[in-house]
Amino acid sequence: MTEAGVGGRPPRPPGRTTVRDAARDTAGVAKRNLLRIVRTPQLIVIGALQPAMLLVLFRYVLGGAIRVPGGSYVDYVVPAIFLEAVLIGGMTTSIGLAADLKSGIIDRFRSLPMARSAVLAGRTIADLSRSLLSLAIMVGLGLLVGFRFHAGVGSIIAGMALILVFGYAFSWLYAAIGLATKDPETAQIAGILPFFVLMFASNAIVPVATMPSWLQGFARNQPLSVTIAAVRALLEGGPAGHWVWQSLAWSAGILIVFFAISLRLYRNTAA
Amino acid sequence: MGAAMIEVEAVTKRFGSTIALGGVDLVAEEGRVLALLGPNGAGKTTLVRILTTLLRPDSGRARVAGCDVVADAAALRHLIGLAGQYAAVDELLTGRENLELVGLWYHLEKREYRRRAQDVLERFGLLDAGDRLVKTYSGGMRRRLDIGASLIARPAVLFLDEPTTGLDPRTRNDVWSFIEELVSAGTTVLLTTQLMEEAERLAHQIVVIDTGSVIARGTAEQLKARLGGATLEARVSDPADLERAATLLAQVGDVRPRIDPDRQLISIPAAEGTALLVAAGRRFEEEHIALDDLGVRRPSLDDVFLALTGGGSGAPPEFPEGAE
């Protein structure tokens, strides 16, 4: 099986990577990561546990003490927890990439002629399917604790899609964190920070109007708040367009910036 | 001699204030094995990472299979295989899945990579385990799979970074046989090792590096010859014979022998090797001196390595080709 190299001259260097090659490379990486997800079902269960605890905490422990204008608290908080479940799931992107760096698998990938973006794109795509699964679990749990949809099917689907789009964009931020930290434990701790800031300084749990004025500007306009506002409106059936466009713009911005940063980190990485 | 498949010229690399490589030159010919020998931290892995496009050199030039490792990195990746120090295979995939994916990433067509994955499994004795998850594999099986994965694209040049570290002697022997087969089929191999036995068995050329510089190069025989050549050693059965035996060896070798009374051992330099051994044996028989042992001892590559790298042996490095 090794006739290569026999006979005087080295083989002719092949041509550039085509778009088809890049797509196949990415599909290969996605397949690898999907197989890993399927073969560690315990991770899916434990991954769903964290947002489930948040759900119970805000529905039953703290929810009774929080008043929101014009509606029930369960309908207010559950859409935010849908989004948080997806973001928590996204942390596996940074942990997984850091683990791959540490194990030497990324070294092998980088020595192969595969497209440079494939390792990252394949992983984020596979993690998107994990997000879809954890979102489905959370919708089931949400309905169980009394959350109700009030909008039409199209609007509900749009709301779910918006969550996944935002979650996908955010997974590129997690990819950058994983590549920058190069260590699964550090990646995990570092990955909680942006999530923590965005979740608590937002409209996710309490209305922004209850916060000090210096915080309101940030809390009202940051990407998570904008997306939660859009999702709430879509699931409630209210006018959502304004928020939806803002959320999509944030997602596009996050995606572009952290795609570029991640790719650069991946190219230059020397774990 | 074959064409040069690996050419390294004055390559340097530093990490912060640490000089990992201080100007390394080497050449590996097609279809040959070049062993990079050196202690931990000598710069072996850094050089492999540069040659496999994972790191850029700070200065100097390196070409592999006719491709510059910086300018032609993308083309070069089609032509090389790398098996690193850690078995870079995915535990949650089967052996076959690991191989097929690497084939896909080399841009082989599906039919082709499936066939080659099957070939590798057969060849590396992994056929029965091929559809099991790698996490159930032993260390030796993982290493074989890892090396097999690096061969999927039938690379012209194969880089093996400490391919047998941590393997038991039997598995190590298997891996050596695989490497020998590959080389006889024309693959050029650069391997790093700390094991003299490995370098001695596989390598046509040995380059010894320490603290980022080449401190010696040559075949195993050449390196050993530099350490002063062979000695003839005779161990007498009866300590009372020590003087007589010494006189006898002095006559045979025409030199003053070295006597080690504690070990009842007498030794003389034996540049002519076997001829001297036969002559000495005949004389001992004529004089009826009983011996426990008589033989020509050559310095091992271990002795060379320790002498060169100052690894605790008494012998100072006294070779003209010092660090440049």
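**Exercise 1.** How many residues does helix 6 of chain A have, and what does this helix reach from its first C-alpha to its last?

*Solution.* The model is predicted. Start with the bounds: helix 6 of chain A covers residues 153–181. That gives 29 residues. Next, take the expected span, counting 1.5 Å for each residue after the first. The expectation is 42 Å. The span in the model is 42 Å, close to that expectation. Finally, look past the helix end. A:Lys182 follows helix 6 of chain A, and its phi is positive, near 60°.

**Exercise 2.** Describe the side of chain A that touches chain B.

*Solution.* Count the residues on each side. Chain A puts 32 residues into the contact, and chain B puts in 44. Then assign elements. In chain A, helix 1 (19–38) and helix 4 (105–111) each supply at least two residues of this side. Helix 1 of chain A gives the largest share, seven residues. Last, sort by character. The side of chain A that touches chain B has 13 nonpolar, eight polar and eleven charged residues.

**Exercise 3.** Where do the domains of chain B lie in its numbering?

*Solution.* Read the domain assignment. Domain 1 of chain B combines 4–79 with 155–225. Domain 2 of chain B runs over 231–297. Now place them in space. Over C-alpha atoms, the centres of domain 1 and domain 2 of chain B are 42 Å apart.

**Exercise 4.** Which stretch of chain A has pLDDT below 50?

*Solution.* Take the whole chain before the stretch. Chain A has a mean pLDDT of 87. In this chain, 93% of residues reach 70 or more. Residues 1–13 of chain A are below 50. Beyond near neighbours in sequence, this stretch still has 39 contacts in the model.

Key: Residues numbered from 1 in each chain as written. Chains lettered and ligands numbered in written order. Predicted model: local features only at pLDDT ≥ 70, side-chain atom pairs only at ≥ 80, totals over all residues. Contact = placed C-beta atoms within 7 Å. Helix = DSSP H or I, 4+ residues; strand = E, 2+ residues; numbered from the N terminus. Nonpolar A, V, L, I, M, F, W, Y, C, P; charged D, E, K, R; others polar. Domains from an automatic or database assignment. pLDDT = per-residue confidence, 0-100.
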